[in-house]
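Visitor: I should like to learn how to read the contacts between parts of a model. Please take me through them.

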Amino acid sequence: MRVHRKAGRVLALTAAAGLLVAACGGDDSGGSGDSGSGNGDGGDPKTFIFGSSEDPKTLDAAYVSDGESLRVIYQVYETLVALEPGTTEVVPGLAEEWEISPDGLTYTFHLREGVTFHDGEPFNAEAVCFNFDRWYNFTGPQQSGDVSYYWQTVFGGFATADLESSPPTSRYGSCDATDELTATLNLTEPSSALLAGLVLPPFSIASPKAIEEGGTDIEQAGDSLSYTGGFGSEVVAGTGPFKFVSWERGESLTLERNDDYWGEAPALDEIIFRPIPDPTARLQALQAGEIDAYEGVNAADIGAIESNGDQVVERPAFNVGYVGFNNKLPIFQNEKIRQAISHALNRQGLLDAAYPEGAVVANQFLPPEQWGYNQSIEGYEYDPDLARQLIADSGETNLTLEFWYPADVSRPYMPDPQAVYESFAADLQAVGFTIVPKTVPWTPDYLQNIQGDGLGQLFLLGWTGDYADPDNFVGTFFRQDRPEFGFSDPAIQGLLNEALAETDQAARQALYEEANQAIYDYIPGVPFVHNQPLLAVAGHITGYTPSPVSLEDFDLIDIEG
Amino acid sequence: MSVETTDATTATATTPSRPPASLGREALRRLVRNPMAVVGMVLIGVFVLVAIFAPLIAPYSPTDNSWLDQVRPGQYPGPSAEHWLGIDPLGRDVFSRIIFGARQSLLIGVVALALGAIAGIALGVLAGAFGGWVDTLVMRFVDIMLSVPGLLFAIAVAAMLGQSLTSVMIAIAVVNVPIFARLLRGEMLGQRGADYVLAARSLGISRSAIVFRHVLPNSFTPVIVQGTLTLALAIVEAAGLAFLGLSSSNPSTPEWGRMLTDAQETLTSAPMLAVYPGLAIVLAALGFTLVGESLREALDPKFRR
Amino acid sequence: MLRFIVRRLALLVPILLGLSVLLFAWVRALPGGPAYALLGERATPEAIAAIESQLGLDRPLWEQYLQFLGRAVRLDFGASIQTGQPVTEEMLRRFPATIELALAALLIAVAVGIPLGYLAARRYGTWIDNLAVTGSLLGVTIPIFFLAYMLKYVFAVELGWLPTAGRADPRARADHPTGFYVLDGIVTGNLDASWDAIQHLILPALALSSIPLAVIVRITRASVLNVVNEDYVRTAEAKGLLPGTITRRHVLKNAMLPVTTVIGLQLGVLLAGAVLTEKVFAFSGVGQFMADGLVQRDFPTIQGFILVIAIVYVVINMIVDLVYGLLDPRVRVS
């Protein structure tokens, strides 16, 4: 059976349409005069400067899961299967085509010919298997959850289980370089999400020579882990459209065009990533023409950005933000209280005042673009009078609740948690609750208090999809008991487990829709938003294609004029 | 005594010698004639009155978000007859929030000052009165506290204690402990050889009686001066901590530093939302600073000409 | 003199020991604890237990403290949670930026503060005096980040005269052998780079200079007034010396004593004040790293930075005392 998987989970998402508009405005191309450094081939170099929120951790793709590292890595390295820009559709990457055996245990990848790594080494099946074997043979601290998160998500365990937290078994069997351009991946058990997972940058194929020469050590340094290997900081070699030039930590990370790129040559000569942690400072740097783009635009700044001749680009929503209930508390075991809260929150009011126009009120724990979304669910109306009635009917008298929100953090579904808290707290107080605010920094305190210790009563949390599968949303929340939700509903868990094991697509979809209805009826919390995270892009930039999973190809970008 | 010179307050060598009673009256007279002092006192007066009578002055509750439906991202209604300073991004009346914010700022200033001064004075008296190893021990401790620059120290303390108004007040107070401790110890040592102390000693009056009846009251003026300046600093420092994310856990309760920090997010679309609390902080702190500095001068004989 | 230095250095030991205990206790008292700070968002209880045993967090406290101290003595504070790089390396990388900024701010404060303070003293009680004093006091009462945003808004965003963020134009790709960008330009013969670095320094240095400026104005004014009333100045006046000569020979020379002390002390304060300024200007020094570390609970960084800044601060204090002793025979230590 030869499946050329191209369709699968196509998401009909607003792709590059909106952003090519409004690219007018002869804004000055920015920067103070003496940029220098023309690379010889005539004219000013086309330099794209991205204002990031912090430096990458390392450019060793296998070790990271944070957005800033992945953004840089995505331009330098490639994976066997790739994403169609602006979608979550899986398309050929370094593998031109592939076959999956009927039992789902063998994946045969036919590799692209004539690809070389940035260090001049040839790309071939041996290189592919070298990378897979490297990941599988991670030891010690490399197995910790924050280092190899995505490997553990997609493949489970390692050759040995060194940490107590290491998954005991692995889905990975072996990788064989059948011939120069054929790599065969053998699994120990089938996985319906494998290809969707392999598009993630942590599965980037790097030059074996660079890996060996640079070194990939992780050391325990004091209380924390340190990336001491030179690979990913000094030696960086992938196959992508841009190659690594230099990295001055805290200041700038520079990439330049890979002239030997196998695909279409990028228009840009150079990309510079410049860390500017303060969001207001990023906006001002864009206005002054010092950067060409940044992520995490405040909805309030849209007007200022557009009137400056710059563009606001919306990422398709692929997230959910929710007010969670800790259902182990007696007050939340009273169904009327849960219903009362869902009617008391003025979600549309909050979204109108503080979210970008593309944000929509959520009524399920997964975004509408995700298959498995139940179209027939209407959602709870904002109705404070009904909420007061429900509270009266509930018989509860002690209406004091702790409401937790994270401090100093901006999440895609919640650019300003404090504003969300303040707005919802006012709504809840208006119907008779007494709200006690609780706030701590996002990591580690908030996540530990809420997700680790289940200390929350009411709390703000959310999720951004890693890949397009409903299990990545509702499965994460409700398939197992979670301390933050503090409830165990056999019906919901049964449905979700059944859906995960099911291999027939139509049956899976039906199961997830049923599960979403059950979750909606139970009300373990109130989803309130599917946000469209915003990016700002300078007026003279074209081709910035927003991605629902935040993986954007900078080789599509060009600079006008 | 080499250690003293490391402290700015003593290095300035402006610690006044004991003014006799007539000199105190003379100082007050000069204070009232000093335009800077008068401006300062007016500012303090307004600030304190606003804080006390906030519910009477403010037209609305500071947490009433009834005007949320008038707000769109980046578009916040400006000053109008109903809302003198406009509406904030969460649909609340800005003027009412500024008025009520005076309470929080005054509270932070006063409590931080009181905590810091009491602890510092206690340590200073302990060191100055007993001398010897007690003095060494206390001053070593003070040295350790002073070895970290004030703001940094406050940041570390506030970060450890977590998000709450109390932790902000404690953090600011802790920074002031060594300053007051030094001030008091210096005063005590300075007065140890003073004639009246020697006289009291020779009369056989107990040490504690000398300390509490004579030395302490005589150290009162420099403490007042330092206290006024500390109040100003506390208000400004609270804003700095808020900017670093260290402030009360309840953002709905208006506090100027927090409002100023939150307004940075809408700086481009609504800069005035930052200007109001910013101006409030500057004026309140300036009031205390002007009075403190004028007082220091009025008490210092060298400024008489 | 030598004995004085040795004694002061010996004083450093208990101070730093005490501080190390405080810093160690500080991290252990943090809610969540180090293991959680390390694992973050994706942590599971099992992973935390594993990390704790791996890092020795399950051993007795005193043993952990001795370990911490042993490493701290070698200036090894572990790796930064933010970057995964050794804290010592991060400090070395970022300290030049902060020192450069602090020196620039101090330069502005001195260049403006001393003449202003002197003028205020000579025109004591006039409106010039009142204006100078009130104006400089405003500098202390404006929250520094507010001033920074305002300066940036006016001079960088609206007028476009100066850059809004960073230390240099990244497109220039200048070499930085020392990490002091202005100096680097001179050393490498790239004067454009120096000029670029200076342009990037102006606004943050202006914002940061507000506090030392106020202090210097105040001290200069007080100390000039003090000296003017001294007997030797009165004698000089009585002798009929020209006012200019009196100023040069007597007033300024003597009045500058306390001013030098304060200047030295302000350097330490500036290093800490940089936390707020650097954050606003994305100036990649120690301060910004600390401010971000605070939000991300990067405790190894905070420990290391506080300890190092404390050492710098204490050493500066010591040097100030020494200089003071040298300049003023009346204070010379027995």
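**Contacts between and within chains**

Guide: Chain B brings 45 residues and chain C brings 52 residues to their contact, where two residues are in contact if their C-beta atoms, placed from the backbone, lie within 7 Å. This is a predicted model, in which local features need pLDDT of at least 70 and side-chain atom pairs count only at pLDDT 80 or more, while totals for chains, interfaces and linings use all residues. Residues are numbered from 1 along each chain as its sequence is written, and chains are lettered from A and ligands numbered from 1 in the order in which they are written.

Visitor: Which element gives the most to the side of chain B that touches chain C?

Guide: Helices (H or I, at least four residues) are DSSP runs, numbered from the N terminus. On that side of chain B, H13(B) gives the most, with 9 residues.

Visitor: How many residues of each class has that side of chain B?

Guide: Ala, Val, Leu, Ile, Met, Phe, Trp, Tyr, Cys and Pro count as nonpolar, Asp, Glu, Lys and Arg as charged, and the others, Gly among them, as polar. The side of chain B that touches chain C has 28 nonpolar, 12 polar and 5 charged residues.

Visitor: Into which domains is chain C divided?

Guide: Domain bounds come from an automatic or database domain assignment. Chain C has domain 1 (2-72) and domain 2 (90-331). In the contact between them, 12 residues belong to domain 1 of chain C and 9 residues to domain 2 of chain C. H1(C) gives the most to the domain 1 side, with 8 residues.

Technical notes: Helix = DSSP H or I, 4+ residues; strand = E, 2+ residues; numbered from the N terminus.
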